[in-house]
Amino acid sequence: MADTIAQFDRALEKCRDVFVKKLKDYGASWRIMRPESVTDQIFIKATRIRSLETKKVSKVGEGILPEFIAIVNYGVIGLIQLELGFSDKEDLDVEKAIQLYDRYIALTRELMIKKNHDYDEAWRGMRVHSYTDIILQKLMRTKQIEDNAGVTLVSEGIDANYQDMINYSVFAIIKLTEGDE
């Protein structure tokens, strides 16, 4: 488990680095997105991953790894948007956005540690394309919950689905970069 935590943290650092750089380039322009639009943005990324996994070639030259990083970052954006609601303007400075990012990453990391304990590192025996399929399934669930105005009878909410998508994406990042460490 200690190895998983170290690998997880290294993958999260890659994601955070991209988030911070894009935040400095674009600001928190994502604040105008409603949670449903964030879900659709993640859907676009996951669909592209599945397409690349199936076709085995990219015509725009970007691979699968950046898309998993984007899912992590959009998942955190989704969690922030669920808490704050969307805004008609960019209303977060870089420092506050990073603070919120770090808080939601810490909560999601804690969830991974608990689930990884209970599931006994089952993620290690999975294929990367299975993470993609599970993320797409979580997106379908999330869209249904959103269509039901966030109401569920027995299921976890949108936030839990975002956290699961983040964690499966981090597992994919670990598997895709294992030889790079």
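**Exercises: two pockets and two loop residues**

**Exercise 1.** Sort the lining of the second largest pocket by class.

*Solution.* Step one: count seven nonpolar, two polar and four charged residues. Nonpolar means Ala, Val, Leu, Ile, Met, Phe, Trp, Tyr, Cys or Pro; charged means Asp, Glu, Lys or Arg; the others, with Gly, are polar. Step two: find the centre. Of the 13 lining residues, Lys-115, Tyr-119, Asp-164, Tyr-168 and Phe-171 lie nearest to it. Step three: name the elements. α4 (94-119) and α6 (158-177) each give two or more residues to this lining.

The model is predicted, and local features need pLDDT of at least 70. Residues are numbered from 1 along each chain.

**Exercise 2.** Describe the lining of the largest pocket.

*Solution.* Step one: this pocket (an open set of points on a 1 Å grid, with protein on both sides within 12 Å along at least five of seven lines; lining atoms lie within 4 Å of a point) has 19 lining residues. Val-18, Lys-22, Tyr-26, Ala-70 and Tyr-74 are the closest to its centre. Step two: α1 (2-26), α2 (35-55) and α3 (64-84) each supply at least two residues. Here α marks a helix (DSSP H or I, at least four residues). Step three: α3 gives the most, seven residues. Step four: the classes are 11 nonpolar, three polar and five charged.

**Exercise 3.** Place Glu-121 and Ala-149 in their loops.

*Solution.* Step one: Glu-121 sits between α4 and α5 (128-147). Ala-149 sits between α5 and α6. Step two: check phi. Glu-121 has a positive phi of about 60 degrees. Ala-149 also has a positive phi of about 60 degrees. Most residues other than glycine have a negative phi. Step three: Ala-149 is exposed, at 70% relative accessible area (exposed is over 50%, buried under 20%, with a 1.4 Å probe).

Conventions: This is a predicted model: local features need pLDDT of at least 70, side-chain atom pairs count only at pLDDT 80 or more; totals for chains, interfaces and linings use all residues. Side-chain values use heavy atoms; hydrogens and water are left out. On a 1 Å grid over the protein atoms alone, a cavity is a set of points where a 1.4 Å probe fits but cannot get out, and a pocket is an open set with protein on both sides within 12 Å along at least five of seven lines; lining residues have an atom within 4 Å of a point.
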